[in-house]
Amino acid sequence: MAVPTFLNRNVSDLCVGKPTLKPLSAAATVSEALALLNKSNEPYVSVWSCNHSKNVLEGECGCVGKICMFDVICFLCKNENSENPSKALETSVSQILPKGNLIVRHLAPNSSLLQAIDYILEGTQNLVIPIQDYIGGKSRKTQSKSSSLRCKHRDGVEYCWLTQEDIVRFLLNFIGVFSPITTSSIESLNVIDCNVMTICYHEPAISALDSLTLAHVEQTSVAVVDDLNRLIGEISPSTLAYCDETAAAAVMTLSASDLLAYIDCGGPPDDLVDLVKVILQEKKLSALLELMDEESSLSTSSSSCSASLSCSSDDELGFCRNNGSGRYSSARRAEAITCYPNSSLVAVMIQALAHRASSVWVMHEDNTLIGYVTFKGILKVFRSLANARMITR
């Protein structure tokens with residue numbers, strides 16, 4: 001199959017089996033968003049301009065963004081919010097949505113895969129697509145009676161969304177179509193981004209908050225390095241997205257290296273939890289301390305098998321289950337996923353997908369950083385390949 005023909009496939013081909021989006025009104029509070037996140041099996045919740053819970057389906061209604069626990073953590077780290085987190089949690093969700101009109105965009109199900117890639121290269125992270133069932137060769141809109149739980153509109157349409165990871169995974173399944181370029185090194189393909197955001201291991205984690213916010217938008221991470229710029233680990237927004245809101249206290253009090261241990265897949269060690277509480281007392285942040293105590297009491301009141309974050313048989317990949325909330329965590333451990341300049345594009349794709357990492361660090365043999373490769377950078381290669389094939393036709 002020719003590359004241009006393959007990339008003209010409908011995006012609906014990628015939507016088979018995708019879960020229906022759970023809607024949250026932009027007028028909802030951060031507290032309501034937290035409740036929905038804790039009930040969800042996904043790290044993100046879609047935010048809509050209408051209120052599905054009240055069956056307000058008149059007028060235009062569209063997805064205006066997405067929210068995850070990382071957004072809440074960053075919000076609580078602001079000085080005015082850390083002093084009174086309970087009041088901050090009553091803020092409207094619309095106030096903490098990641099900035100940028102292109103982060104979430106609607107796309108018709110008959111749009112091409114190439115158009116989806118173009119949207120991602122323009123900065124889109126999630127593509128919102130109507131779910132369709134295909135019966136007898138004809139498409140019909142999915143109907144549902146549970147409109148309060150599903151994102152259903154006036155015409156009965158439900159929605160799912162596609163991520164950059166979904167598209168890269170789909171391309172990997174048909175990697176032979178793009179041979180032999182995918183066996184070329186990432187260095188030769190010029191996909192290594194050298195604009196690395198770093199923090200030294202002994203520096204306060206809170207000093208990286210602005211970099212983390214930017215990394216969240218760009219779907220990268222902040223590298224934790226030693227004094228010789230050698231990679232130690234990473235503080236990843238996607239990892240923080242699987243923590244609870246009390247991680248804001250850890251970000252505000254711990255060093256970068258201690259935060260790595262705190263957000264690791266196995267859960268925060270008791271000594272670090274105690275250290276966070278001591279520093280909160282010293283900084284007179286009693287409200288955050290109370291928030292930690294409340295969360296701790298909620299965990300201990302549940303059964304022992306549902307009270308903590310535990311690793312499953314998938315531990316080698318860092319897959320964990322937050323049994324307390326029932327959310328399956330695909331977040332890996334805080335250790336960084338790395339490759340080298342001579343690694344092939346397909347090898348980096350497999351690495352990123354296997355570890356559910358939106359970016360892979362590129363380093364020298366001595367562990368000093370060069371840059372990173374993102375899903376977006378990978379998709380640029382496939383887009384340029386399509387351009388080249390169309391020109392030569």
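Reader: Where in the chain is the place of Pro180?
Author: In this predicted model, Pro180 sits in the loop that runs between α7 and β9.

Reader: What makes the peptide bond between Ser179 and Pro180 a cis bond?
Author: The omega angle there is about 10 degrees, and the bond joining Ser179 to Pro180 is accordingly listed as cis. As a rule, most peptide bonds are trans.

Reader: Val196 also has its place in the loop between α7 and β9. Why is Val196 called partly exposed?
Author: The relative accessible area of Val196 is 23%. Buried would require under 20%, and exposed over 50%. The value for Val196 falls between these cut-offs, so the residue is partly exposed.

Reader: Which residues does Val196 touch, apart from those up to four places away in sequence?
Author: Val196 touches Ala223, Trp361, Leu369, Ile370, Gly371 and Tyr372. Ala223 is 27 residues away from Val196 along the chain, while their C-alpha atoms are separated by 7.5 Å.

Reader: What makes β16 and β17 a pair of strands?
Author: Pairing requires at least two bridges. Five bridges link β16 and β17, in the antiparallel sense, so the requirement is met. Among the bridge partners are Ser359 and Thr374, the latter in β17.

Reader: Why is β17 described as mostly covered?
Author: Six of the six residues of β17 are buried. Each of them therefore has under 20% relative accessible area.

Reader: What phi does Asn367 take in the hairpin of β16 and β17?
Author: The hairpin has five residues between its strands, and Asn367 takes a positive phi near 75 degrees. This is a positive value in a residue other than glycine. Most residues other than glycine have a negative phi. Asn367 has a relative accessible area of 31%, so it counts as partly exposed.

Reader: Where is Arg356 found, and what is its phi?
Author: Arg356 is found in the loop between α14 (345–354) and β16 (359–363). Its phi is near 55 degrees, again positive in a residue other than glycine. With 36% relative accessibility, Arg356 counts as partly exposed, since this value is neither under 20% nor over 50%.

Reader: Why is helix α3 said to be largely enclosed by the rest of the structure?
Author: All eight residues of helix α3 (residues 69–76), that is eight of eight, are buried, so the helix is largely enclosed. Among these buried residues are Met69, Phe70, Asp71 and Cys74.

Reader: Which residues of helix α6 are buried, and what follows just after α6?
Author: In α6 (residues 113–121), the buried residues are Leu113, Leu114, Ala116, Ile117, Tyr119 and Ile120. Just after α6, Gly123 takes a positive phi of about 120 degrees.

Reader: Why do β4 and β8 stand at the edges of their sheet?
Author: The sheet is open, has three strands in the order β4-β5-β8, and shows mixed pairing. β4 (104–106) and β8 (159–163) each have a single partner strand, so one side of each is left without a neighbour in the sheet. On average, neighbouring strands of this sheet are turned by 30 degrees against each other, direction ignored.

Reader: What makes β4 and β5 paired strands?
Author: Three bridges connect β4 with β5 (residues 126–130), in the parallel sense. At least two are needed, so the two strands pair. His106 stands opposite Val128 in β5. Helix α7 (residues 164–173) lies across β5 and β8, at about 70 degrees to β8.

Reader: What is the mean pLDDT of the protein, and which strands have the lowest and highest means among its elements?
Author: The protein has a mean pLDDT of 82, with 78% of its residues reaching 70 or more. Among the elements, strand β14 (residues 327–329) has the lowest mean, 38, and strand β9 (residues 198–200) the highest, 97.

Reader: Where does pLDDT stay under 50?
Author: Residues 134–150 are one such stretch, with 36 contacts in the model beyond four places in sequence. Residues 300–319 are another, with 39 such contacts. Where pLDDT is low, the predicted coordinates should not be read in detail.

Reader: How many helices and strands are there in the protein, and what percentage of its residues count as buried?
Author: There are 15 helices and 17 strands. Of the 393 residues, 52% count as buried.

Definitions and conventions. Residues numbered from 1 in each chain as written. Predicted model: local features only at pLDDT ≥ 70, side-chain atom pairs only at ≥ 80, totals over all residues. Heavy atoms only, no water. Helix = DSSP H or I, 4+ residues; strand = E, 2+ residues; numbered from the N terminus. Axes fitted to C-alpha atoms, helices over the stretch in contact; angles between N-to-C directions. Contact = heavy atoms within 4.5 Å. Buried < 20%, exposed > 50% of the residue type's maximum accessible area, 1.4 Å probe, protein only. pLDDT = per-residue confidence, 0-100.
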